[in-house]
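Please look over the model below. The report after it covers sheets, helix packing and selected buried residues.

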Amino acid sequence: METKIVLGENQIPTHWYNIIPDMPGPLAPVLHPGTGKPVTPDDLLPLFPMGLIEQEMSPERWIKIPDPVRDAYRQWRPTPLYRARRLEAALKTPAKIYYKYEGVSPAGSHKPNTAVPQAYYNKLAGTKRIASETGAGQWGSSIAMACQMFGLECTVYMVRVSYEQKPYRKSMMQLWGAKVFASPSKETNAGRGILAKDPKSQGSLGIAISEAVEDAATHEDTRYSLGSVLNHVCLHQTVIGLEAKEQLKLAGDYPDVVIGCHGGGSNFAGIAFPFVADKAAGKNVRVVAIEPTSCPTLTKGVYAFDYGDTAKMAPIAKMYTLGHDFMPPGIHAGGLRYHGASPLVSQLVNAGVVEARAAPQLACFEAAVQFARTELIIPAPESSHAIRGAIDEALQAKQEGKEKVILFNLSGHGHVDMTAYDDYFAGKLDDFEYPAEKVKESLAHLPKVAV
Ligand SMILES: Cc1ncc(COP(=O)(O)O)c(C=O)c1O
């Protein structure tokens with residue numbers, strides 16, 4: 001009985017799985033923020049290279065992973081699938097718990113799975129510099145690393161609260177050659193506008209996205225890159241679920257439930273979409289996304305058209321949203337502080353294919369500590385939401401006396417998040433349920449669209 005189920009480098013997937021042809025119904029159009037009309041590939045060209053725009057809209061079920069990208073993946077892929085024997089024993093559960101560990105990438109999370117192809121397609125298109133945003137710094141460090149691999153310059157706007165909470169992520173980005181600004185910054189009109197209204201703004205992903213989009217749109221040689229939400233990002237992350245499926249086959253198991261934490265939706269999509277395909281084909285598998293109660297996009301937001309960013313410069317997409325000017329509290333799971341969600345994940349939640357749940361911060365840290373004291377890996381605060389979900393499923397299995405198979409994605413390690421653990425042990429963290437009136441206030445500002 002193995003603890004770690006590992007694949008060889010020649011078993012890195014050769015294709016990404018594109019869920020678009022298997023979605024329940026057609027996709028809603030993505031709208032231009034200025035005209036409100038459906039965007040065309042040409043509208044997106046100032047922001048993204050054509051290789052990625054094609055993937056955003058592709059009807060092909062399988063998309064070949066270019067050789068240079070697959071070669072780069074070899075640096076850390078395939079990632080191990082662990083059987084959580086020690087956690088199972090501590091919980092005294094009859095459930096089998098498996099977790100896919102994405103923290104073995106050089107940047108420490110799943111984010112390089114898409115940073116590498118994004119840098120690659122930009123290099124092919126002649127881009128010189130990439131501008132991007134980051135919440136907790138996981139994405140920023142991943143795009144900085146990928147730009148380093150393909151010889152691109154990189155500018156990252158980092159949400160101020162994380163810039164201050166997680167200085168080592170900034171150091172990592174700088175080590176890999178990126179320039180990092182705390183957002184809101186004085187570098188862009190969007191940042192200056194926010195600072196004029198609120199000089200002490202802690203920032204948000206929505207604001208940082210506005211800054212990076214403005215930077216890319218106003219510099220000919222620069223394109224924008226997003227670490228989550230978009231269809232092509234979810235596509236790239238499917239290497240996680242595709243590998244996990246092969247690894248579970250080797251273990252002789254198939255999951256009853258697949259769990260991922262949810263910020264913008266990409267690591268959840270990565271682990272879940274290959275199983276959603278099985279579900280669509282009649283398999284009995286549940287897929288569950290777990291988000292923080294302080295930023296409850298899928299569980300308290302509305303399924304509506306909204307801007308992807310605060311300054312209304314990014315395209316308008318139909319998704320679950322808390323409103324583009326929603327300002328989440330500065331929780332430690334910085335990567336889960338986004339007002340919107342992947343349109344693909346949103347459509348699946350709305351259609352009842354994906355279940356969504358919210359978990360409070362303290363219960364997530366409690367789960368992370370139990371995990372670190374049994375499985376020994378220190379999880380990222382974001383990933384602790386998936387652990388909470390998996391432990392709850394395992395405890396329920398114990399109550400029901402069922403031998404359930406649980407698979408979850410451990411999206412990253414928490415080595416650079418130790419202040420979060422210190423604060424937890426010092427009793428400095430609170431639970432925060434975002435007030436319904438506040439959500440209502442933000443939702444009043446949704447764009448009026450004609451579709
Ligand atoms: C470790 C980790 N997990 C999860 C997330 C959430 O992002 P997504 O929902 O796109 O996977 C982040 C975002 O920064 C992250 O760093």
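What follows is a short report on a predicted model.

## The four-stranded sheet

One open sheet holds four strands in the order 8-7-6-9, and the pairing is parallel. Strand 8 (179-183) and strand 9 (222-225) sit at the edges, each pairing on one side only. Direction ignored, neighbouring strands of this sheet are turned by 25° against each other on average.

Strand 6 (residues 129-134) runs parallel to strand 9, and four bridges join the two. One place to check is S132, whose bridge partner in strand 9 is S225.

## Helices across the sheet

Helix 6 (residues 138-150) lies across strand 6, strand 7 (153-159) and strand 9. Its direction is at about 165° to strand 6. An angle over 145 degrees counts as roughly antiparallel, so helix 6 is roughly antiparallel to strand 6.

Helix 8 (residues 167-175) lies across strand 6, strand 7 and strand 8. Helix 8 runs at about 170° to strand 7. By the cut-off of 145 degrees, helix 8 is therefore roughly antiparallel to strand 7.

## One face of helix 9

Which residues of helix 9 (residues 189-197) are buried? They are A190, G191, I194 and L195. Seen down the axis of helix 9, these buried residues fall within an arc of 130°, so they line one face of the helix. An α-helix has 3.6 residues a turn, so residues three or four places apart point the same way.

The buried residues of helix 9 pack against helix 10 (205-217). The face turned away from the buried side carries the exposed residues N189, A196 and K197.

## Strands 10 and 11

Strand 10 (residues 257-261) and strand 11 (residues 286-292) run parallel. Five bridges join them. In one of the pairs, G260 has A289 in strand 11 as its bridge partner.

Six of the seven residues of strand 11 are buried, so strand 11 is largely enclosed by the rest of the structure.

## Helix 15 against helix 16

Helix 15 (residues 361-374) packs on helix 16 (residues 384-400) with the axes 8 Å apart. The angle is about 80°, which makes helix 15 roughly perpendicular to helix 16.

Helix 15 brings A363, C364, E366, A367, A368, Q370 and F371 to the contact. From helix 16 come S384, H385, I387, R388 and I391. By class, this contact has seven nonpolar, three polar and two charged residues.

## Two buried residues

N409 is in strand 15 (residues 405-410). Why is N409 classed as buried? Its relative accessible area is 0%, and buried means under 20%. Beyond its neighbours within four places in sequence, N409 is in contact with K100, E102, I240, I259, N267, I271 and A386.

S442 is in helix 18 (residues 436-443). Is S442 buried or exposed? S442 is buried, with a relative accessible area of 7%. Leaving aside neighbours within four places in sequence, S442 is in contact with L322, G323, D325 and F326. The C-alpha atoms of S442 and A363 are separated by 27 Å, and these two residues are 79 residues apart along the chain.

Definitions and conventions: Residues are numbered from 1 along each chain as its sequence is written. This is a predicted model: local features need pLDDT of at least 70, side-chain atom pairs count only at pLDDT 80 or more; totals for chains, interfaces and linings use all residues. Side-chain values use heavy atoms; hydrogens and water are left out. Two strands pair if DSSP finds at least two bridges between them. Axes are lines fitted to C-alpha atoms, for helices over the stretch in contact, and angles run from 0 to 180 degrees between N-to-C directions. Contact means heavy atoms within 4.5 Å. Angles under 35 degrees count as roughly parallel, over 145 as roughly antiparallel, 65 to 115 as roughly perpendicular and the rest as oblique. Ala, Val, Leu, Ile, Met, Phe, Trp, Tyr, Cys and Pro count as nonpolar, Asp, Glu, Lys and Arg as charged, and the others, Gly among them, as polar. Buried means under 20% relative accessible area, exposed over 50%, partly exposed in between (1.4 Å probe, protein chains only). The arc is that of the directions from the helix axis to the C-beta atoms.
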